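Reader: I have the sequence and the structure open at the bench. Please pick one part, look at it closely, and then walk me outward from there.

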Amino acid sequence: MTAAPRPQPGIMDIPLYQGGASKIAGRDDVLKLSSNENPFGAPEAAQAAAREAVGDMQLYPATDHAGLRAAIAEVHDLDPDRIICGVGSDEILHLLAQAYVGPGDEVVYPEHGFLIYPIVTRGAGGTPVPAPEHDRRVDVAAMLAAVTDRTRLVYLANPANPTGTILNGQEVTRLADGLPDGCLLVLDGAYAEYADDFDGGLALAQTRENVFATRTFSKMYGLGGMRVGWGYGPREVIDVLNRIRGPFNLSNVALAAAEAAMRDREFVTRCRDVNREQRARLAAGLRELGLAVDDSAANFVLARFAHEEAALACDAILKEHGVIVRHVASYGFPEALRITVGDADGVDRVLEGVAAWAQ
Ligand SMILES: *Cc1c(COP(=O)(O)O)cnc(C)c1O
């Protein structure tokens, strides 16, 4: 027997990513509120486009994603040549690390930031550098203080997951302007569509050489299972990423669904309106039941309990009610549950479950 090959340094330091659970044994009425998916599913137009594209499954897909990039560019008023599409925004985050980070390089992100940031950093051989947050808000001064001459990337989700808090445009601009030459700010806008009057940093990415914005079809657009995301940034960065991107990374079906979803603006407006309303109901109801909840700009809220045992007990009772939420200990909040905003019935079910726990 020969020895198994040894992975590159850093890879065995990566804990396996745990997705939100989706099943409860013995129940068929499960309400999954653990992965911030759209309670209304995918737009009809996207489903129809995907069904049609199935007929072309023997053909290789476009390598340049021209149709999808054109739709994104039209809707967001962007230069299509500065857009790259990936297998979820996850792939874009991976490509950025692969292209710009190596052994000895550092990557800064907020301490409660998305778990993918340290994963892609270690995968590229780099060193993850979490910067402290304050009161569950990203602290720009602390982020800048964590940056050294070895920092290549700064990842920032805005609104943030799992806190739901948001940095205003001034603060994000201050962060971008404070970075040294050669360090790229990656603005992860996975929840940007849910925030009011917010462009997810696209305008900043339009005008700066050191800002790159990512977006996803997994949340607002209801296409989590299709795996489509995109990024917008400086031409040079797009060119670099396209050299390492798999030429056929997105399937015909995924491309067709995403393009149709992007063009369905009415769906986006409707989902945003419902989310705003139900998010307010959910937060108010949880606060009435004695939990601490920050104002959220996303499609979930972080409900904080007195201690971890209380959070776990409530989680167990919610499961008895058929509701799956996310205990976010791995994000540094053992005392909290992250709860996706459902439709009105979904919010009712959560509040009933939490009320049963509170008694
Ligand atoms: C859900 C999420 C994403 C989206 O990932 P995809 O690969 O596009 O599905 C990106 N960033 C954050 C912070 C998220 O919560």
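Author: Happy to. Helix H4 spans residues 116–123, and 6 of its 8 residues are buried, so the rest of the structure largely encloses this helix. Buried here means under 20% relative accessible area, while exposed means over 50% and partly exposed lies in between, using a 1.4 Å probe and protein chains only. Helices (H or I, at least four residues) and strands (E, at least two) are DSSP runs numbered from the N terminus. Please keep in mind that this is a predicted model, where local features need pLDDT of at least 70 and side-chain atom pairs count only at pLDDT 80 or more, while totals for chains, interfaces and linings use all residues. Residues are numbered from 1 along each chain as its sequence is written, and side-chain values use heavy atoms, with hydrogens and water left out.

The buried residues of H4 are Ile116, Tyr117, Pro118, Ile119, Val120 and Thr121. They pack against helix H3 (88–100) and against strands S3 (106–110), S4 (127–131), S7 (151–157) and S8 (184–188), where contact means heavy atoms within 4.5 Å. Just after the helix, glycine 125 adopts a positive phi of about 90 degrees.

The strands around H4 lead us to the sheet. It is an open sheet of 7 strands with mixed pairing, in the order S2-S10-S9-S8-S7-S3-S4; two strands pair if DSSP finds at least two bridges between them. S2 (83–86) and S4 stand at the edges with a single partner strand each, so one side of each has no neighbour in the sheet. From one strand to the next, the twist averages 20 degrees, taken from axes that are lines fitted to C-alpha atoms (for helices over the stretch in contact), with angles from 0 to 180 degrees between N-to-C directions.

Let's stay with S3 for a moment, as it is one of the partners of H4. S3 is mostly covered, with 5 of its 5 residues buried. In a regular strand, side chains alternate between the two faces of the sheet. In S3, Glu106, Val108 and Pro110 point one way, Val107 and Tyr109 point the other way, and all are buried. S3 runs parallel to S4, and 5 bridges join the two. Within this pair, tyrosine 109 stands opposite proline 130 of S4.

At the other edge, S2 runs antiparallel to S10 (residues 229–232), and 4 bridges join them. One of these pairings puts glycine 86 across from glycine 229 in S10. S10 also holds tyrosine 232, which counts as buried because its relative accessibility is 0%. Leaving out residues up to four places away in sequence, tyrosine 232 touches Leu78, Asp79, Arg82, Ile83, Leu202, Ala205, Gln206, Val211, Phe212 and Ala213. The side chain of tyrosine 232 makes a 2.8 Å polar contact with the side chain of glutamine 206, and a polar atom of that tyrosine 232 side chain lies 3.3 Å from the backbone nitrogen of aspartate 79. A polar contact is a pair of N or O atoms within 3.5 Å; within protein, one must be able to donate a hydrogen and the other to accept it, and residues adjacent in sequence count only if both atoms are side-chain atoms.

Between S9 (211–216) and S10 there is a loop that contains lysine 219. An unreviewed UniProt entry lists Lys219 under "modified residue: N6-(pyridoxal phosphate)lysine"; such positions follow the numbering used here, feature names are shortened, and annotations may be inferred rather than shown by experiment. With 14% relative accessibility, lysine 219 counts as buried. Beyond its neighbours within four places in sequence, lysine 219 is in contact with Ser35, Asn36, Asn38, Ala190, Tyr191 and Tyr194. A polar contact of 3.1 Å links the side chains of lysine 219 and tyrosine 191.

Ser35 and Asn36 turn up again around threonine 340, whose contacts outside four places in sequence also include Leu33, Leu282 and Phe300. Threonine 340 sits in strand S15 (residues 336–340) and counts as buried at 2% relative accessibility. Its side chain reaches the backbone oxygen of leucine 33 at 3.0 Å.
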